[in-house]
Amino acid sequence: MKVLLTGGTGFLGNALWPLLVERGHTVKLLQRSTSKEAKKAGVEIIQASLTDRDALKPALKGVDVLYHLAGRVSWDPKDARDMYALHVDATRGLLEEAHAAKVKRVVLASTSGTIGVSKEERVATEEDPYSIDVVGRWPYYASKIFEERLALEYCKAKQLPLIVLNPSLLLGPGDERLSSTTEVLAFMNREIPAVPQGGLSFVDVRDCADAFANALEKGEPGERYLLGAANMTLREFFDRLARITGIPAPKLGLPSKLNRLGAFAWDRWSEMRKTKPAVTPQAIEMGDHYFYIDSSKARRELGFAPRDPQETLAATVAYIKQTMPHRKEWSPLEVR
């Protein structure tokens, strides 16, 4: 099949397009930057913005499947409007052009944070409502909720087959920009002073890419699929990283209010020093919530088969050590 993929230079995109090529599909990447690896593989690269409708029309010509992975992650409230413009306005234009080009299927990369966030320790499924009451003040998740709702409603009205996949935190090797693996990097640099009270879900980017590739033909149009390999408290998460790296996990665990007050004080202190804080107030606040999800539906319908989470954490640590310059904070112990 002929595939157009947006966001091909991102963490997930870099794992997905080689898999599609390997399975015999003709792949084009629509992105602002180029990719030496993609060019070597014979993948066509269209350098254009998602807002450039004149570029979208020829890019979608003859395309069977559109993968929309492009997005921006930021916890800064100042970036809220830009994320809305990208996730909502640009997605609307892309879907309109995909419909006009008679694309046969659209696969949208959303996030488990649109439905899988709670103040209580509970596990979310695809049947749960959007978590707008919880994540409304976090611009990234709010804009992704609006994007997801727009896509589902538009594609249903236009009878454009749409599959929405909702990955949890992406870990594993290959995060060139260290955008998704920042929690692991912060742990290795001993920049996490205390452990928040909540819990997270994560998935190996390689297993996530496999599920996305399967969605090209599998899955029910109009449905969402949560992708997560493990749910664990942040305490357990950091304890596992400690066993892999040899770096001691933070022992201090503060009540939620103290966590947030400390984070805001740290943020202000960093602002005065004109440095960037390792842990933002938003990250601390999110850490007091639970991001647990159930991926049974994706296992049944998409063939989602996540690997052992310990393997994912070890691969993430190994990649960071290989990619980043040596840090004195890191243990000399080998990854085990």
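A crossing of two helices is called right-handed if the near helix is turned clockwise from the far one by less than a right angle, and left-handed if the turn is anticlockwise. With that in hand, here is a look at three helix pairs and one cavity in this predicted model.

**α3 and α4**

Going by that definition, α3 passes α4 in a right-handed crossing. On the α3 side, the touching residues are Arg53, Leu56, Lys57 and Leu60, while α4 brings Gly93, Leu94, Glu96, Glu97 and Ala98. Sorted by class, this contact is a mix: four nonpolar residues, four charged ones and one polar. The two helices pack at an angle of about 40 degrees, and their axes lie 9 Å apart. Because angles from 35 up to 65 degrees fall outside the parallel and perpendicular ranges, α3 counts as oblique to α4.

**The three pairs at a glance**

Two packed helices are described by the angle between their axes and the distance between the axes. Here is how that works out for each pair.

| Helix pair | Residues | Angle | Axis distance |
|---|---|---|---|
| α3 and α4 | 53-60 and 80-100 | about 40 degrees | 9 Å |
| α1 and α8 | 11-22 and 205-214 | about 55 degrees | 9 Å |
| α9 and α13 | 234-245 and 309-323 | roughly 60 degrees | within 10 Å |

**α1 and α8**

Helices α1 and α8 pack at about 55 degrees, which makes α1 oblique to α8. Their crossing is right-handed. So who touches whom? From α1 come Phe11, Leu12, Ala15, Leu16, Leu19 and Leu20, and they meet Val205, Cys208, Ala209, Asp210, Phe212 and Ala213 of α8. The class count here is eleven nonpolar residues and one charged, with no polar residues. Asp210 is one of the α8 residues in this contact, and Asp counts as charged.

**α9 and α13**

What about the helices further along the chain? The axes of α9 and α13 cross at roughly 60 degrees, so α9 is oblique to α13. Here, too, α9 passes α13 in a right-handed crossing. Phe237, Arg240, Leu241, Ile244 and Thr245 are the α9 residues in the contact, and they meet Pro309, Gln310, Leu313, Ala314 and Val317 of α13. That gives seven nonpolar, two polar and one charged residues.

**The cavity**

How many cavities of 30 Å³ or more does a search of the whole structure find? It finds one. The largest cavity has a volume of about 30 Å³. Its lining is made up of Thr9, Gly10, Phe11 and Asn14, together with Gly174, Asp175, Glu176 and Arg177. By class, that lining has four polar residues, three charged and one nonpolar. Phe11 turns up twice in this report: it lines the largest cavity, and it is also among the α1 residues that meet α8.

Technical notes: Residues numbered from 1 in each chain as written. Predicted model: local features only at pLDDT ≥ 70, side-chain atom pairs only at ≥ 80, totals over all residues. Heavy atoms only, no water. Axes fitted to C-alpha atoms, helices over the stretch in contact; angles between N-to-C directions. Helix = DSSP H or I, 4+ residues; strand = E, 2+ residues; numbered from the N terminus. Parallel < 35°, antiparallel > 145°, perpendicular 65-115°, else oblique. Contact = heavy atoms within 4.5 Å. 1 Å grid on protein atoms, 1.4 Å probe; cavity = no way out; pocket = protein on both sides within 12 Å on 5 of 7 lines; lining within 4 Å. Points joined across faces, edges and corners; volume = space filled by probe spheres on them.
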